[in-house]
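The briefing below walks through one protein model, from its overall make-up to selected residues. Please read it alongside the sequence and coordinates shown here.

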Amino acid sequence: MAINGGINNMVKKLSNILYMQHNYCGQSCSVVKCWQWNIKRFIMFQTNKTIQDKYAVLILNRPISQNPDFVKSFWNNASVRMAVDGGTARWDTFLNQLPEDVQKTMKLPDFVTGDFDSLTEDVLNKYKKKGTKTIRTPDQNNTDFTKALMELNKHCQQENLQLDHVIAVCQNSGRLDHILANIQTLHLVKVDNLLNPNTTVYILSDDSISWLLSPGDHVISVPEETRQHRRAWCSLVPIGTPCESVTTSGLKWNLDNQELKFGELVSTSNTFDGSEFVKIKCSHVILWSMRVPHLISK
């Protein structure tokens with residue numbers, strides 16, 4: 001799949017957007033650019049169903065490695081379920097590994113999208129016959145992930161549906177260009193207005209979750225199991241352009257008005273100091289990632 005060029009210019013453009021976010025997870029907390037983040041509102045709702053938000057799940061073309069019990073609940077409670085091209089076969093494989101009585105409780109994908117270059121006709125027709133809507137998106141100027149978000153946006157507009165979150169289930173392993181293309185899509189969401197501005201897109205990979213932090217102040221709630229896990233980790237990575245100034249609290253190795261830049265300092269393999277919240281102030285867009293151990297534990 002082709003990846004849109006000019007990511008450096010795009011990230012610079014995104015860094016200059018005065019963007020206010022008002023969903024429950026990225027809730028605006030003042031008149032300046034400030035966001036509060038709480039992933040427990042959508043990936044840990046099994047223990048607190050009263051605060052469940054509206055979200056969509058996209059299955060991309062990588063093996064589904066998460067705990068089956070988590071995936072079952074996460075999938076069935078989504079407002080919209082999509083399988084993206086070869087991700088349809090991945091979902092079908094996951095489904096077939098479940099006990100037959102459990103398979104019957106699983107909801108169908110609402111949509112299967114993509115150019116279908118990595119999906120067999122047999123699997124595609126299987127879901128067509130079951131009633132899943134299939135949408136062929138042949139445009140090669142965007143990835144299947146990007147095009148799936150475009151179709152999701154059309155659906156939300158037609159149904160007057162406001163999503164709080166969109167979570168793409170994938171793996172940050174395999175082909176490096178695919179990994180970078182997924183991060184590119186996160187940028188395109190804001191730069192090209194692929195979704196409602198109050199909707200945040202996340203990448204769920206194995207037992208980690210990643211999303212973009214726009215310029216401004218961020219308060220990230222750290223789940224207790226993450227804080228207490230001996231192999232907990234997190235990272236702050238500038239993508240496309242340096243982040244001239246980052247200040248943090250709540251990390252083992254905090255930053256104090258420091259620049260994040262490839263070739264110099266990049267904060268990978270950081271971890272937490274036990275605080276309930278991590279606070280980040282950044283001048284430019286950065287990619288935040290953190291471990292959520294229960295996603296793959298039994």
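**Strand pairing and packing in the predicted model**

Tyrosine 55 of strand S3 has histidine 165 as its bridge partner in strand S7. The model discussed here is a predicted one, and the points below start from that strand, then turn to the whole chain, the nonpolar cores and one helix.

**Strand S3 and its partners**

- Strand S3 covers residues 55-59, and five of its five residues are buried, so that the strand is mostly covered by the definition of buried as under 20% relative accessible area.
- In a regular strand the side chains alternate between the two faces of the sheet.
- Tyr55, Val57 and Ile59 point one way from S3, while Ala56 and Leu58 point the other way, and the residues on both sides are buried.
- S3 runs parallel to strand S7 (residues 165-170), to which it is joined by five bridges.
- S3 also pairs in the parallel sense with strand S4 (residues 80-84), here over four bridges, and within that pairing alanine 56 has valine 80 as its bridge partner.

**Overall make-up**

- The protein contains nine helices and 16 strands, and 54% of its 298 residues count as buried.
- Of the contacts between residues at least 6 apart in sequence, 73% join residues that are at least 24 apart.
- The exposed surface of the protein comes to about 13,500 Å², of which carbon and sulfur atoms supply 48%.

**Nonpolar cores**

- In soluble globular proteins, nonpolar side chains tend to be buried together.
- The largest nonpolar core holds 53 residues, and the members that touch the most other members are Trp91, Trp211, Trp288 and Met290.
- Helix H3 (residues 68-76) contributes the largest share of this core, namely four residues.
- A second, separate core has 31 residues, including Val80, Val84, Leu149 and Leu212.
- Beyond its neighbours within four places in sequence, tryptophan 211 is in contact with a set of residues that includes Trp37, Ile39, Leu186, Val201, Tyr202 and Ile220, and the list also takes in Ile286, Leu287, Trp288 and Met290.

**Helix H7**

- Helix H7 has 16 residues (144-159), which at 1.5 Å a residue should span 22 Å, and because its end C-alpha atoms are 22 Å apart, the expected and modelled values agree.
- The buried residues of H7 are Asp144, Phe145, Thr146, Lys147, Ala148, Leu149, Glu151, Leu152, Asn153, His155 and Cys156.
- Asparagine 160, just after H7, takes a positive phi of about 55°.

**Two residues of helix H7**

- Is threonine 146, a residue of helix H7, buried or exposed? Its relative accessible area is 2%, and therefore threonine 146 is buried, given that the cut-off for buried is under 20%.
- The side chain of threonine 146 makes a polar contact, at 3.1 Å, with the side chain of threonine 143.
- Leaving out residues up to four places away in sequence, threonine 146 touches Thr185, Leu188 and Leu194.
- Histidine 155 also lies in helix H7, and because its relative accessibility of 18% is under the 20% cut-off, histidine 155 counts as buried.
- With residues up to four places away in sequence again not counted, histidine 155 touches Val80 and Phe111; Val80 is the bridge partner of alanine 56 in S4 and is included in the second core.

Methods:
Residues numbered from 1 in each chain as written. Predicted model: local features only at pLDDT ≥ 70, side-chain atom pairs only at ≥ 80, totals over all residues. Heavy atoms only, no water. Helix = DSSP H or I, 4+ residues; strand = E, 2+ residues; numbered from the N terminus. Buried < 20%, exposed > 50% of the residue type's maximum accessible area, 1.4 Å probe, protein only. Contact = heavy atoms within 4.5 Å. Areas by Shrake-Rupley, 256 points an atom, 1.4 Å probe, with all protein chains shown as cover. Expected span 1.5 Å × (residues − 1). Core = buried A, V, L, I, M, F, W, Y, C linked by side-chain atoms within 4.5 Å. Polar contact = N/O pair within 3.5 Å; in protein donor to acceptor, adjacent residues only side chain to side chain. Pairing = 2+ DSSP bridges.
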